[in-house]
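Trainee: I should like to study one part of this model closely and then see how that part fits into the whole. Could you please guide me through a single helix and the residues that follow?

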Amino acid sequence: MELVLLTFLPLLGALVVLCTPRAAEGLQRGIALATTLAVAVLGVKLFLGYGVPGADATPYSFSVPWFKLPSGYAAPTQVHFSLAMDGISLLMVTLTAVLMPIVILSTWGHVEKRVKEFMVWMLVMQTGMLGTFLAVDLVLFYFFWEVSLIPLYFLVGIWGGEQRLYATVKFFLYTLAGSLLMMIAIIAILFDRGTSDLGELITQLGSQPLEQQLWYFVAFALAFGIKVPILPFHTWLPDAHTQAPTSGSVVLAGVLLKMGTYGLLRFCIQMLPDAAVAAAPWMMALGAIGILYGALLAWAQTDLKRLIACSSVSHLGYVVLGLFALTPAGLSGGMLQMVNHGISTGLLFLLVGMIYERRHSRALDAFGGVATVMPVFALFWVFTVLSSAGLPGLNGFVGEYLILLGSFQSSPLWSVIGLTGVIFGAVYLLMATRKMLFGACTNPENQHLTDINAREIGLMIPLVVLAVWLGVRPNDFMGKVEPDLAKVHRRVAEAQQSTAALGDVTPVSEGVAAR
Amino acid sequence: MNAQSLLQMFDANALRAVAPMLALALGLVLVLLAGVFPLGRAVRSALVVAALVASAVLHANLLLGGETPGKVLAGTFEATSTTAMWGLVFVASTLFAWLYSVRYYDEDAPFKNEHDVLMLATPIGMMLMAGARDLIVFFIGLELLSIPLYALAAFRRDRARSVEAGLKYFLLGAFAAGFFLYGTALVYATTGSLSLDMLADPAQRAALGSPMALVGVALIAASVFFKVSVFPFHLWVPDVYEGAPTPVTALMATGTKAAGFAFLMSALVLLPASTASTVALIAVITMAAGNFGALAQTDVKRMLAYSGIAHAGTLLLGVAGAIHGDPSNGGAVQASLVYMTAYVATAAGAFGLLALLERDGGPTTLESLKGLAQRRPWVAAALTLFMLSLGGIPATGGFLGKYLVFSVAVRSELTGFAILGVLLSVVALGYYLRVIIAMYMQAPEHDANVPEPRPASAAATLASITCAALVLATGILPGWLLELT
């Protein structure tokens, strides 16, 4: 029941906001903040209670029959409205729950028109995202997956920048194309297996022949790959990020993109292990090239927001590289990097938003010496950049290290290519920092910028704390995920063994055999 | 056949089967009479609603009341739970169209009474088409549907576009009727039968494979494809839909299409299994023609006309699946029933809202929709819902229908066509989103040109709320509809 409450509390909040008069903007902001705070409290409570030995497990799953869907069998398939939480979804849900109040609080600065609609869409989006992470029925998952498209479409389309219509339509159509192919795969799976329960499908599909798994894998990987985005499907992301309002960018980078990586882990790897083993070299290659290409793209940008968007492509390349290394370290690193990216890139977008609200420009050339007029801002910026670039002691380091370690075990080549991305990552981030913050403050428009205020500092503090915490004691978080990741890895290892037994030796299984 | 045997055919069972049509016919006569006497508008409206509701109740009785009459009237007509469900779809389509027409013609002072009579005649035709087990019965239904629609399309006789629409529809419709009769004659000449059940007999099916019979079947298919606007018989659609009065367009887009597909689903015996991939190809081309055509439109009504062509293509993919697979499986029939139920609510709602907006002044172009979310938030919200449902986004009925139709195609090993189909429906979102963009994300360019919103009539409001509720109900809790079909 807790999960239902968690998922639908934002929707309830959205309905309440809908009933307020249009002019009562303060009230609308208040309701939205209160709702997301309540969700955050509930999320943190679930997080703390999870995996504690001897604790009650009932809050972590919920299932009622939803409807009977004809699937080609004599008896139609019973689709369940079933939500459940394991370690993997736990981290994603907690991230979503914690990030949302911060996002809502950040809108005080940049959402002035049509506040009511904005809050409604934000809250609806939260329900969509939480549902996607929690659904353990294939049909229900698809339902939430596609529904969560619509709010962002409105958020970018109404409150976005100059080119917002182009960006929002591109985002929508790109993602939809992938989703619809996934729908065909879901239809085929239901026809094939007669059930839509994820647990059963994970058991059943893993023993299907490789060729069949591969077809499903391609369809799912395409849908998730577009969302992540994996090269070469990344072109929608810089446009969407640049045009989205700050809060939209934070949610997009922080959570929505994670739906893609989460899907890769849950469906492509856990549900279709043989196909994952077969496709791993390709996926790792795409991930590693993505790291490098994203970093080079970011280096070439002159628009701060676009720069961070391209760095997202690079950072999510790490996640893909780590996950498809299919080693325990790689899976853990990929998982951790999902959370890290949410925190670091979320912070970066918040910071860019803050300076844009003051200066109304994001062009790197327009800045210089900002540190002299905005010292507190500069402090937060440098901290975030270091976290994003993977300075030891902060969150980014642990994830990247594990990913590179894990991927080196299965493919040294792609791991080394990924490693160069670390260097380029430091280059473009520090270069941007130098251009923006340091040097002489010559541009008269920059000389009167006011430093960030208490609200802005306050909303970043939780993320800063998390960044340090994850960097120093990652096991507080990873301890909850490890058992489930170990389960995923066991399945993959079995698949690798059976592949190796068939004499079809791929580079991945070589790595495993060597150990 | 003498009078005695005719009377014997009309037993209680047959009466129960045709009662929904009789109710409508009775209502039609009463409305006609009410026009002669100086009775108020309210009385006439009440009669129309009463006739439709009575027909719906009789259908519901057939659907839920246990055993259905089955084949009656010497096997020429059939009343099953499937035809009853189709009947409900037809009644709903007519009711929505009529509700939106209540205030639509206020400026023209037309012969609203005659309008209502003609409108009441169309669902009788649709029901005959859906229940026909004999090609001639189907033809009678087709004409009973078409002739009132010709008149209705031209009903705004002082407007050139409307007259043009009526004439165009009539001329092409007459051709289609000719095709149908010629095709029927060829089928009869080779097989000696017009009964769909007799044609399903293995011996007759072999005769159906002869070249002459195939030409006949092709001609019959062409005339039905014309009615449901399938490539290459779709060219009349944009002009007629745009020119006809919008409530009539709503009726044509939903009811006619539903009746055509109801017949296609029950007349699968005519089409040999080898035609499946041809039909699937036609379906995909139809989707492409509709979707790419719609992308180029700026008039929303015309855009929806093209979108209707694309939807006919999607449904035809389900028909192709049924041809390929076992027609008695029932999955395809259910899929098309669910699809049309959702489509009737969605398209009737969308056209109805356009009718509402037209009364503010002028045609509904993307330009005139700009900033609508600020002027009429509820209309904009409902139109958004309908656009998303037409696009097949989950939580709307459109998604359920699309899912079921594509799953029929996938199960019938037409996966390649299904993949092409879903990619084409991405194109469709390209123009549905444009409507939402205009309403929510763009401001009107010249404030002076923005028409003053006029209050919606109670009937139109009721219809819109019902449509929206149906779309959401079939999208979020689809269990009931899947049970019924």
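**Helix H18 of chain B and its surroundings**

Mentor: Directly after H18(B), Gly392(B) adopts a positive phi of about 75°. Please keep in mind throughout that this is a predicted model.

Let us begin with the helix itself. H18(B) contains 14 residues, and the distance from its first C-alpha to its last is 20 Å, close to the 20 Å expected at 1.5 Å a residue. Is this helix enclosed or open to the outside? It is largely enclosed by the rest of the structure, because 11 of the 14 residues of H18(B) are buried. The cut-off behind that statement is that a residue is buried if 20 or more other C-beta atoms lie within 10 Å of its own. Among the buried residues are Val379(B), Ala380(B) and Ala382(B). The list also includes an unbroken run from Leu383(B) through Thr384(B), Leu385(B), Phe386(B), Met387(B), Leu388(B) and Ser389(B) to Leu390(B). An α-helix has 3.6 residues a turn, so residues three or four places apart point the same way.

We now follow the chain onward. The loop between helix H18 (377-390) and helix H19 (397-411) of chain B holds Ala395(B). Although Ala395(B) is not a glycine, its phi is positive, near 80°. Most residues other than glycine have a negative phi, and most peptide bonds are trans. Ala395(B) counts as buried because it has 20 C-beta neighbours inside 10 Å.

A residue of chain A offers a useful contrast. His360(A), also not a glycine, has a positive phi of about 55°. His360(A) is located in the loop between helix H14 (328-359) and helix H15 (370-373) of chain A. Is His360(A) buried or exposed? His360(A) is exposed, because 9 other C-beta atoms are within 10 Å.

Chain A also contains cis peptide bonds. One of them joins Val228(A) and Pro229(A), with omega about -5°. Another runs from Leu231(A) to Pro232(A), and its omega is near 0°. Pro229(A) belongs to the loop between helix H9 (210-227) and helix H10 (236-243) of chain A, and Pro232(A) lies in the loop between H9 and H10 as well.

The helix that follows the loop of Ala395(B) leads us to the contact between the chains. This contact takes 29 residues from chain B and 25 residues from chain A. On the side of chain B that touches chain A, the elements giving two or more residues are helix H15 (331-358), H19, helix H20 (415-441) and helix H22 (479-484) of chain B. H20(B) gives the most to this side, with 13 residues. By class, the side of chain B that touches chain A has 21 nonpolar, 7 polar and 1 charged residues.

Finally, consider chain B as a whole. Chain B has 22 helices and 2 strands, and 60% of its 485 residues count as buried. Its C-alpha trace spans about 70 × 60 × 40 Å along the principal axes. The radius of gyration of chain B is 22 Å, which agrees with the value near 23 Å for a compact globule of 485 residues. Of the contacts in chain B between residues at least 6 apart in sequence, 78% join residues at least 24 apart.

How values were computed: Residues numbered from 1 in each chain as written. Chains lettered and ligands numbered in written order. Predicted model: local features only at pLDDT ≥ 70, side-chain atom pairs only at ≥ 80, totals over all residues. Helix = DSSP H or I, 4+ residues; strand = E, 2+ residues; numbered from the N terminus. Buried ≥ 20, exposed ≤ 12 C-beta atoms within 10 Å, placed from the backbone. Contact = placed C-beta atoms within 7 Å. Nonpolar A, V, L, I, M, F, W, Y, C, P; charged D, E, K, R; others polar. Expected span 1.5 Å × (residues − 1). Rg over C-alpha atoms; globule rule 2.2 N^0.38 Å.
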